[in-house]
Amino acid sequence: MAQLQQTWNNSQFFSGSDDPRIATVVDQLKQDIQALGDRCAPFVDYIEQAESFVPGENPEVETVMAAIASIHRQRITVIEQQRNLGVFISSILSVDTQDKSAAAWLPTLQQLGAERTQALQPLNIFLIRVPDAFITTLLDKSEVEDLSFYINHQRQRRDFLLSVAQEKLITGLAVNGLHSWGNLYDDLAGDLKCDIEGESMGLAKAANLLSHPQRSTREAAWHGIRAAWSSREKTAATLLNSINGWRLEAAKHRSQKREMHYLDKSCHESCIERQTLDTLMQTTYEQRSIGQRALNAMAQVLEIDCMAPWDTMAAAPVAMETESDIGFEAAIALISDAFSRLSPEMGEFAVMMAEKGWIDAKPTPNRTTGAYCTGFSMPREPRVFMTYEGTMNNVMTLAHELGHAWHNWVMRDLPMMRTSYPMTLAETASIFAETLVRDALLEKADTPEKKLAITWQNAQSAASFLVNIPARFEFEKRLVETRKKGFVVADALKQMMANSWQVWYEDSLSHYDDMFWASKLHFSISQIGFYNYPYLFGYLFSLGLYAQQNTYGDRFNQLYTDLLRDTGSMTAEAVVQKHLQQDIRQPEFWQASLAIVDGSVRQFEQLVNEMAGQTTGAIA
Ligand SMILES: [Zn+2]
């Protein structure tokens with residue numbers, strides 16, 4: 001085995017944030033985007049007569065199709081270059097948030113992104129407006145067949161489309177409007193200081209204390225975070241109102257032909273049908289007691305009457321023997337072993353990621369918090385970022401991100417337009433990878449304490465996915481509905497959040513987190529609304545898929561790989577129908593996954609009871 005690297009090496013792309021080639025690439029991109037815009041400009045006129053573009057009737061059809069194929073090739077090159085540069089700049093900033101030259105490129109990159117969207121808008125709108133016959137003939141051409149899913153999916157938004165001028169105006173204004181609100185949230189969160197047990201600290205450090213083994217420290221951290229956000233509640237409320245107000249205003253203008261419902265828009269972005277979302281939420285609501293039971297059993301382990309919001313993230317009170325000293329190499333070996341149970345290639349892949357220097361996990365000063373998987377476009381290479389300090393949680397995070405990386409890796413030979421998958425399907429491979437590792441660990445665990453430490457994480461996931469995520473969904477729905485009627489003040493947001501928690505948590509928590517609308521970053525992401533249910537979808541979908549291993553045996557790995565490869569070119573309903581012959585619009589599919597969660601919560605409850613019995617026995 002070659003030497004494993006804990007720091008990534010991206011020097012093949014640029015030598016650093018001060019590489020003079022960055023400015024050259026940016027200049028080139030500006031020119032290329034300008035050229036794309038020039039080539040798309042004639043489509044403004046074509047849109048006016050879009051209906052007349054019928055193959056066999058309109059002599060211009062062939063010329064226009066040839067132009068589209070050529071613009072498409074050019075677009076791919078631009079996207080690949082933009083992505084390589086973007087991934088490189090953010091890779092520098094993740095490791096060193098203080099890198100001023102990297103930070104200075106960010107606004108330019110955001111601007112270039114908006115300019116590309118604007119440049120292509122006439123073509124994109126044309127493709128949405130032309131008759132079906134034009135699209136059928138166009139997609140028969142091998143140069144553009146990779147656009148098939150993308151175009152057909154966009155065409156479903158036909159009724160909501162505005163004129164080219166209006167679409168360009170919205171995209172342009174959003175850079176300094178809508179998205180500035182999102183940036184402002186990040187600035188605010190970055191500057192906020194919390195007072196915790198006499199120490200002043202930033203939010204990231206404070207959030208880490210929510211998993212502290214000492215309950216009083218967790219409680220102090222929770223109150224500290226709450227107080228910090230309360231001191232800025234007016235600003236945070238203005239942010240949420242502005243983001244949602246902007247979206248509602250845009251939706252109003254798009255609803256001339258028929259109403260564009262905010263959940264339909266979200267479902268379209270998630271590549272699922274509204275019926276699937278409704279079934280998912282309803283079925284989960286009926287079984288919310290599974291997550292609530294997990295919380296009650298966790299309370300028993302913590303020896304408290306009832307869980308509080310500051311307990312839900314607590315680390316398992318029974319530490320694994322090896323906790324806090326699993327070296328990075330050992331973690332890769334452990335993950336690789338677990339992955340190999342599914343397929344040797346997947347096991348080798350985990351090792352390769354570390355050998356090639358595609359993971360950055362070494363704790364260093366000034367690095368950013370959190371973990372993510374990303375990837376360069378030319379050549380297709382995944383990257384994983386996290387801070388590895390040797391805890392069992394770190395091992396699981398690493399497994400999770402390597403799962404994402406595997407997903408990208410099995411798609412590396414597909415045309416780029418078929419590789420971007422929706423959020424609903426994005427968490428499939430990551431949670432699947434986590435489950436592989438957790439199951440391997442559980443099998444190896446030879447004492448009740450070790451077993452409890454692992455099943456504790458299962459219980460924590462059950463509570464978070466089956467209760468917390470739906471409570472966020474409940475809140476966001478209420479927020480959008482209320483915002484339609486006017487500005488929602490901070491006090492009303494607090495009440496709304498508490499009520500939403502009540503619906504899902506009921507009496508499984510002693511308090512509800514009424515400042516969660518401010519402290520949870522997800523509600524203030526400007527690019528996407530309803531950044532919540534896709535996690536629940538991914539969790540249940542991945543567990544359901546995992547359970548199919550028994551049914552398919554040796555054939556499973558191929559089925560799993562084929563399924564992952566289709567995630568960028570099909571709706572979720574079609575992917576599941578094709579590979580598993582099941583219908584996710586029906587409750588049965590979700591009930592089967594919920595039964596798996598129920599089983600793992602039961603296993604946890606049983607362990608808790610056995611250990612409680614032992615303790616009582618020992619005292620007697
Ligand atoms: Zn993930």
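Is the crossing of α19 and α22 left-handed or right-handed? In this predicted model, the crossing of these two helices is left-handed. Helix α22 spans residues 533–552, and its axis comes within 8 Å of that of α19, the two crossing at roughly 155°. Because angles over 145 degrees count as roughly antiparallel, α19 and α22 are described as roughly antiparallel to each other. On the α19 side the contact is made by Phe465, Ile469, Pro470 and Phe473, which meet Tyr533, Tyr535, Leu536 and Tyr539 of α22. The residues of this contact divide into eight nonpolar, no polar and no charged.

A second helix pair can be read in the same way. Helix α8 (residues 178–191) packs against helix α11 (residues 233–254) at an angle of about 155°, with 9 Å between their axes, and α8 and α11 are therefore roughly antiparallel to each other. Here, too, α8 passes α11 in a left-handed crossing. Leu178, Trp181, Leu184, Tyr185 and Leu188 from α8 meet Thr235, Leu239, Ser242, Ile243 and Trp246 from α11, and the residues of this contact comprise eight nonpolar, two polar and no charged.

From the helix pairs we turn to the cores. The largest nonpolar core holds 127 residues, of which Ala294, Ile335 and Leu402 touch the most other members. Helix α19, residues 448–485, gives the most to this core, contributing 15 residues. Once neighbours within four places in sequence are set aside, Leu402 is in contact with Ile335, Ala350, Met353, Val384 and Ala433. Apart from this core lies another, of 22 residues, including Ile47, Ile68, Leu112 and Ala119.

Terms used. Residues numbered from 1 in each chain as written. Predicted model: local features only at pLDDT ≥ 70, side-chain atom pairs only at ≥ 80, totals over all residues. Core = buried A, V, L, I, M, F, W, Y, C linked by C-beta atoms within 7 Å. Buried ≥ 20, exposed ≤ 12 C-beta atoms within 10 Å, placed from the backbone. Helix = DSSP H or I, 4+ residues; strand = E, 2+ residues; numbered from the N terminus. Contact = placed C-beta atoms within 7 Å. Axes fitted to C-alpha atoms, helices over the stretch in contact; angles between N-to-C directions. Parallel < 35°, antiparallel > 145°, perpendicular 65-115°, else oblique. Left-handed = near helix turned anticlockwise from the far one by under 90°. Nonpolar A, V, L, I, M, F, W, Y, C, P; charged D, E, K, R; others polar.
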